[in-house]
Amino acid sequence: MGSPTESYARLGKNKNLIRTNTQVYTPNYVGVLDDTLLEDIDVAAGMTPGGWLIVNTDMSFDEIKSKISRDDINLAKLDATGLALEVLGRNITNTVILGALVKVSGIFTLDQLKDAIFKTFKASIAEKNARVVERAFEKTEILDMGFKLDYGADTKKPWSHTGLGNPGYKERDLAGVWYTPGGSEVVKTGSWGVSVAQWNKELCINCQKCFMVCPDLAIIRELGEDGEYHMAGVDEYHCKGCMNCVLICPKKALTEKMKKEPTGGKK
Ligand code: SF4
Ligand code: SF4
């Protein structure tokens, strides 16, 4: 949950040759951890021809193709959210996507990935993550378009996240801050989570604690005839499912409602 973010990794057989930690503008592989990003962001921008776009989704390949800007890359998909909820018990999909990366790239093996996981996490967490990458490897579906990556090609080119002429480029300042008409009011933070808070009016004692902890002002209050504000519900357009309100509510008047049931990676 949170605003859209990007992170980058460079891999090489000789790690001493990797001398830069900057952003990767021309990635060979891109993993998209939440398919709602396909609506808002040009996730395939800058990819090298023949690269692989891996998407956490239960959409069809045709639907994915209709939402991306490129037709010279290969596609892979898996229900990483379903697998994460089933195996890890939480919607943490970054290691799940790595299982898919092994399958499409072959640049390292599942055993090497699991070895790295056991070196990074304590045993109980590592075991679950190792299990989830195995499941991801099995469940990843591939649409190999026959485009081949050329690792030797010089892919350096001027590129910016928001290209000239793309939607939004005029509203972005040099620091990368977005100014959209209507401000945060129109940003659909509700698309960033897998669940929303659900309110039970009968149990609510109107303590307002939920309002205080909501990071997105998604708790709706109404001014009553008594001149006081009263809890009035949850604004699902902005609720990103952080569950702060559910945790703090003293009467369990707020509960978590999943937007869709996880498939457990069965799709
Ligand atoms: S879960 Fe609760 S606290 Fe979190 S964004 Fe939704 S309404 Fe706000
Ligand atoms: S924290 Fe719970 S009881 Fe208090 S106003 Fe919110 S929903 Fe009602």
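The following exchange walks through a predicted model, taking up its sheet, its helices, its hairpin and the surroundings of its two ligands in turn.

Biologist: In what order do the four strands of the open sheet lie?

Modeller: In this predicted model, the open sheet is built from four strands whose pairing is mixed. The twist from one strand to the next averages 15 degrees. Read across the sheet, the strand order is 1-2-3-4.

Biologist: Which strands stand at the edges of that sheet, and why is one side of each left without a neighbour?

Modeller: The order across the sheet is 1-2-3-4. An edge strand has a single partner strand, so one side of it is left without a neighbour in the sheet. The strands in that position are strand 1, residues 29-32, and strand 4, residues 141-143.

Biologist: Which residue of strand 4 does Ala-76 stand opposite?

Modeller: Strands of a sheet pair through backbone hydrogen bonds, either in the parallel or in the antiparallel sense. For strand 3, which spans residues 74-78, the pairing with strand 4 is antiparallel and extends over three bridges. Within strand 4, the residue that Ala-76 stands opposite is Ile-142.

Biologist: At about what angle to strand 2 does helix 4 run?

Modeller: Helix 4, made of residues 94-105, lies across strand 1, strand 2, strand 3 and strand 4. Taken against strand 2, which covers residues 52-56, the helix runs at about 150 degrees.

Biologist: Is helix 5 roughly parallel or roughly antiparallel to helix 6?

Modeller: The axes of helix 5 (residues 110-120) and helix 6 (residues 123-139) come within 9 Å and cross at roughly 160 degrees. Angles over 145 degrees count as roughly antiparallel, and that crossing therefore makes helix 5, relative to helix 6, roughly antiparallel.

Biologist: How many nonpolar residues are there in the contact of helix 5 with helix 6?

Modeller: Helix 5 passes helix 6 in a right-handed crossing. Among the residues making the contact are Leu-113, Ile-117 and Phe-118 of helix 5, together with Ala-130, Val-133 and Phe-137 of helix 6. Divided by class, the contact has one polar residue and two charged ones, while the number of nonpolar residues is eight.

Biologist: What does an angle of about 45 degrees make helix 4 in relation to helix 6?

Modeller: Helix 4 and helix 6 pack with their axes 7 Å apart, at an angle of about 45 degrees, and their crossing is right-handed. The contact includes Val-96, Gly-99 and Val-102 of helix 4 and Val-132, Val-133 and Phe-137 of helix 6. The angle of their packing means that helix 4, relative to helix 6, is oblique.

Biologist: How many charged residues does the contact of helix 3 with helix 6 have?

Modeller: The axes of helix 3, residues 80-88, and helix 6 come within 10 Å and cross at roughly 145 degrees. Helix 6 contributes residues including Lys-128, Arg-131, Arg-135 and Lys-139, and helix 3 contributes residues including Leu-83 and Val-87. By class there are seven nonpolar residues and no polar ones, and the number of charged residues is four.

Biologist: Which residue in the turn between strand 6 and strand 7 has a positive phi?

Modeller: Strand 6 (residues 219-223) and strand 7 (residues 229-234) pair in the antiparallel sense over five bridges, with Arg-221 and Met-231 as one pair of bridge partners. The two strands form a hairpin with five residues between them, and the residue in the turn whose phi is positive, at about 80 degrees, is Gly-227.

Biologist: Which residues come nearest to ligand 1?

Modeller: The shell around ligand 1 divides into ten nonpolar, two polar and two charged residues. Of the 14 residues around this ligand, those that come nearest are Cys-214, Ala-218, Cys-239, Cys-242 and Cys-245.

Biologist: And which residues come nearest to ligand 2?

Modeller: Around ligand 2 the shell has ten nonpolar, two polar and two charged residues. Of the 14 residues there, those that come nearest are Cys-204, Cys-207, Cys-210, Cys-249 and Ala-253.

Key. Residues numbered from 1 in each chain as written. Chains lettered and ligands numbered in written order. Predicted model: local features only at pLDDT ≥ 70, side-chain atom pairs only at ≥ 80, totals over all residues. Near = placed C-beta within 6 Å. Nonpolar A, V, L, I, M, F, W, Y, C, P; charged D, E, K, R; others polar. Pairing = 2+ DSSP bridges. Axes fitted to C-alpha atoms, helices over the stretch in contact; angles between N-to-C directions. Contact = placed C-beta atoms within 7 Å. Parallel < 35°, antiparallel > 145°, perpendicular 65-115°, else oblique. Left-handed = near helix turned anticlockwise from the far one by under 90°.
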